[in-house]
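Biologist: Could you take me through one helix pairing in this model, slowly and in plain words? I'd like to see how the two pieces sit against each other, and then where they belong in the chain.

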Amino acid sequence: MSDATLKSLSVLLAEGKTSSIELCQDYLARIQSLNVSLNAFISVDADKTLAEARAADALRASGQGGLLTGVPIAHKDIFCAEGWLTTCGSKMLSNFISPYDAHVIEQFKAAGMPCLGKTNMDEFAMGSSNETSFYGAVRNPWDAERVPGGSSGGSAACVAARMAPAATGTDTGGSIRQPAALCGITGLKPTYGVVSRYGMIAFASSLDQAGPMAQTAEDCALLLNVMAGFDARDSTSLERPKEDYTRSLHQPLAGLRIGLPREFFGPGLVGDTAKAVEAAIAQLRKLGAETVEVGLPNSNLSVAAYYVLAPAEASSNLSRFDGVRYGYRTPEYRDLTDMYEKTRAEGFGSEVKRRIMIGAYVLSHGYYDAYYIQAQRLRRLIANDFSTAFQQCDVILSPTAPTTAFKLGEKTADPVEMYLSDIYTIAVNLAGLPGMSLPCGFDAQGLPIGLQLIGNYFDEARMLGVAHQYQLATDWHARAPTL
Amino acid sequence: MQWETVIGLEVHAQLTTQSKIFSGASIAFGAEPNTQACQVDIALPGVLPVLNKGAVERGIRFGLAIGAKLNRINSFDRKNYFYPDLPKGYQISQFALPIVEGGELTVQVVEGGKTVEKTIRITRAHLEEDAGKSLHEDFHGMTGIDLNRAGTPLLEIVSEPDMRSAKEAVAYAKALHTLVTWIGICDGNMQEGSFRVDANVSVRPLGQKEFGTRREIKNLNSFRFMEQAINYEIRWQIEQIEDGHTIQQATVLFDPDSGETRMMRTKEDAHDYRYFPDPDLLPVKLDEDWIEQVRAGLPELPQQKQARYQGEWNLSAYDAATLTGSRALADYFEAVVAGLAKPDAKPDAKLAANWVMGDLSATLNKANLDIPASRISAAQLAGLLARIQDGTLSGKLAKQVFEAMWAGEGEADAIIEAKGLKQVSDSGEIEKIIDEVMAANAKSVEEFRAGKEKAFNALVGQVMKASKGKANPQQVNDLLRQKLNG
């Protein structure tokens with residue numbers, strides 16, 4: 001059962017061969033046995049999960065259930081969920097029980113999908129290894145000495161370890177795709193504005209986007225059908241007709257033009273990752289796709305632009321965590337300023353503080369034009385690069401991450417080294433494009449390698465189709481770690 | 001040395017929307033603390049702002065009313081600072097691209113008994129959200145936070161430093177107050193903080209081009225305090241400079257009890273607000289159709305009315321300005337004039353103006369009522385004035401009818417009838433009374449004929465008295481003089 005995809009679970013439920021209660025009990029049992037070692041979940045509440053499962057079973061019995069009714073899912077602890085501790089991986093929110101549901105949570109509740117728990121993450125989604133979490137690092141199910149990637153590391157690890165058939169994630173600079181790659185699962189970041197950000201704790205508002213993480217592209221398509229949709233409470237949510245993201249899954253790849261950005265296939269790409277990506281390209285050609293070299297000449301500036309813009313927005317977004325109304329407040333203080341200073345010094349971890357300081361700096365009087373405005377210009381140039389590239393191709397392909405999962409502690413001393421984990425993913429967020437990662441092989445140490453696909457705006461369905469066709473022809477996505 | 005004062009004002013006008021600028025919570029005044037603060041207002045993790053279109057519409061109305069440029073694309077920025085009553089740790093405001101830029105307001109200032117027109121340029125007006133309130137009393141050394149006001153829509157209206165005295169500043173603030181209430185974007189309630197003024201005040205030697213260093217007086221919530229505060233500040237600054245000190249840029253508060261301003265903070269403590277575009281809100285686009293629709297819905301503005309009153313009805317600039325002091329007053333006045341309309345001639349607007357600004361205003365003041373609460377309707381007043389026009393009532397009798405009308409005794413004609421107040425204009429009847437009075441006051445008659453003009457007035461008084469005030473005074477004058485000289 002535990003290797004089952006959402007699709008197959010949905011069939012089992014529809015045929016009455018299992019119930020939501022049964023499924024949830026099984027997954028909860030697996031979480032209980034594995035979470036001690038993997039630390040993928042921050043909160044698990046069996047009573048809540050089972051109550052939702054019972055309701056889902058009743059809904060199915062009444063004939064009103066949908067395709068995924070009864071199939072459980074785990075949610076990244078960045079989503080506010082009513083009655084659930086919602087920490088965002090931070091001491092700052094270690095006592096925050098959300099009084100309301102995020103739009104994403106509402107959508108899954110409406111679909112009748114019980115919540116298995118809240119998954120661990122880098123503090124306020126700032127990190128590429130899950131090591132910045134106040135709740136401790138998540139272990140990679142393929143090698144417990146290694147990181148699962150981040151920031152949606154708990155979500156990626158729990159799907160890889162089959163503690164949940166699917167999970168939600170969020171992606172600001174690669175936080176769905178990079179952990180999906182490092183844990184050997186499939187994850188998708190939609191076009192900016194496709195999924196409402198309402199109730200998703202903000203890191204960098206102009207870049208943050210929620211998306212699905214699961215074993216297969218097909219499952220991601222099914223989940224995106226649930227998550228996507230206009231929400232008037234998010235002004236950046238796009239008002240578009242509802243679409244079916246599974247509609248292109250069965251489209252053959254003949255005639256598909258795949259763009260290979262020369263900047264992503266340079267000397268930085270070496271070893272097993274390079275080989276696996278080359279093999280994937282060969283596989284796609286065999287399926288009928290053509291490849292074309294494209295240029296993204298400004299992509300080398302994306303990490304620099306990102307580490308101005310994202311911290312700038314974060315420094316402001318995180319100002320509300322001040323100890324006044326909710327969340328952590330230092331126990332002893334002399335006056336208001338002392339309370340603010342101690343609360344924030346004690347409540348935030350060092351990576352969060354580093355980014356707040358960078359952000360405050362680049363927005364300061366006298367520096368704003370040199371940093372923030374300049375970075376916004378770069379952002380436009382990077383987006384223009386993609387527009388030009390998409391005149392020559394339908395989908396862009398690259399590795400998801402420069403390396404496979406690295407060891408815990410290996411990059412914590414050097415933040416820039418850590419930031420470079422996202423060199424292939426960050427430009428996609430800056431441009432607001434959809435991107436996904438899917439497994440395309442393993443390195444010599446048996447660690448999964450991820451393949452990144454980047455689609456044009458609102459072209460998720462085609463991108464998912466390419467991934468699905470690839471997954472029909474390969475079985476990388478079906479492999480699971482032995483635990 | 002001769003000093004010149006330079007004043008610029010920043011006015012915060014609370015907009016008349018039902019709900020907040022970025023959430024659906026009510027903005028009604030006076031609710032229990034924190035009962036009108038929803039999850040967006042208290043800045044829970046994950047919540048997002050959604051712009052209230054009504055606030056934008058009011059911004060458009062204001063821009064059109066002052067002849068300003070409306071920025072077809074305007075946008076919101078974040079102003080970052082920490083304060084307990086600022087839940088997000090930033091205020092959403094328009095910094096780089098305000099909705100309104102430019103425009104002007106012409107005001108009347110009385111100087112040395114003369115009414116002078118002065119045009120004040122408006123720099124910009126931008127939309128923003130209000131903060132909550134910190135309550136320092138009743139919490140035993142702690143501070144209470146009430147977030148009901150957090151997120152209330154404001155239009156901040158910034159003037160150029162075009163005013164040269166406290167009087168001019170007050171005249172501008174009053175004209176602005178009239179305008180925002182006139183076009184219905186602000187209720188103007190100063191006690192409840194719906195219209196708050198910050199005054200930037202500096203002084204310089206007369207003739208000097210450069211401005212002096214300014215100090216900003218915050219949160220003036222009455223015109224009287226505003227005038228006191230500015231005048232105090234001017235005197236204080238001149239004294240400082242004359243004593244050899246320099247003025248430090250600072251923010252000050254006015255204490256109405258002491259009549260003095262006191263320092264809140266200097267420029268050194270000023271925040272770096274780290275403004276940047278709010279990524280949660282898209283730029284606001286104003287399309288032409290919307291602007292035209294708003295324009296079509298605008299009432300005739302005070303200045304347009306003033307021009308019309310002067311041009312069409314020959315009223316003085318002073319009268320026109322007074323009568324357009326509020327929309328209700330102007331509406332009332334126009335209704336009275338309409339009641340006096342005749343098919344063949346222009347209505348006597350001057351007569352209407354005199355009564356509305358004179359007896360009616362005085363009576364309302366005494367009763368502490370505003371014009372909408374007047375006990376005499378415009379139609380009733382017009383009925384009374386018509387009887388003055390046709391000679392039925394003298395001015396004196398009209399006042400009696402007015403009083404009776406105020407007391408609720410009915411229409412002018414009914415009161416005249418009931419009290420027998422009809423003016424006597426029958427010359428035979430008046431002559432009869434004059435004859436009687438002349439006979440009874442032979443001494444006065446003699447004195448007049450001996451050249452004492454004063455005696456004439458005494459005789460007129462006697463005639464009026466004998467007629468119980470009803471004799472037409474002009475006729476009494478004419479006939480008496482004829483008889484005395486005859």
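Modeller: Here's a close look at one helix pair, followed by the chain around it. Keep in mind that this is a predicted model. The pair is helix 12 of chain B, residues 427-440, and helix 15 of chain B, residues 473-485. Two packed helices are described by the angle between their axes and the distance between the axes. Here the angle is about 55 degrees and the axes are 10 Å apart, so helix 12 of chain B and helix 15 of chain B count as oblique to each other. Their crossing is right-handed. Which residues make the contact? Helix 12 of chain B brings B:Ser427, B:Ile430, B:Glu431, B:Ile434 and B:Met438. From helix 15 of chain B come B:Gln475, B:Val476, B:Leu479, B:Leu480 and B:Lys483. Sorted by class, that contact has 6 nonpolar, 2 polar and 2 charged residues.

Now for the setting. Chain B holds 15 helices and 17 strands. Its C-alpha trace spans about 95 × 55 × 50 Å along the principal axes. The radius of gyration of chain B is 30 Å, whereas a compact globule of 486 residues would come out near 23 Å. Of the 486 residues in chain B, 41% are buried. If you take the contacts in chain B with a separation of 6 or more, 68% are between residues 24 or more positions apart. Chain B also has a partner: 24 of its residues are in contact with 35 residues of chain A. The side of chain B that touches chain A has 15 nonpolar, 4 polar and 5 charged residues.

Technical notes
Residues are numbered from 1 along each chain as its sequence is written. Chains are lettered from A and ligands numbered from 1 in the order in which they are written. This is a predicted model: local features need pLDDT of at least 70, side-chain atom pairs count only at pLDDT 80 or more; totals for chains, interfaces and linings use all residues. Axes are lines fitted to C-alpha atoms, for helices over the stretch in contact, and angles run from 0 to 180 degrees between N-to-C directions. Helices (H or I, at least four residues) and strands (E, at least two) are DSSP runs, numbered from the N terminus. Angles under 35 degrees count as roughly parallel, over 145 as roughly antiparallel, 65 to 115 as roughly perpendicular and the rest as oblique. A crossing is left-handed if the near helix is turned anticlockwise from the far one by less than a right angle, and right-handed if clockwise. Two residues are in contact if their C-beta atoms, placed from the backbone, lie within 7 Å. Ala, Val, Leu, Ile, Met, Phe, Trp, Tyr, Cys and Pro count as nonpolar, Asp, Glu, Lys and Arg as charged, and the others, Gly among them, as polar. The radius of gyration is taken over C-alpha atoms; the globule rule is 2.2 Å times the number of residues to the power 0.38. A residue is buried if 20 or more other C-beta atoms lie within 10 Å of its own, exposed if 12 or fewer, and partly exposed in between; C-beta atoms are placed from the backbone.
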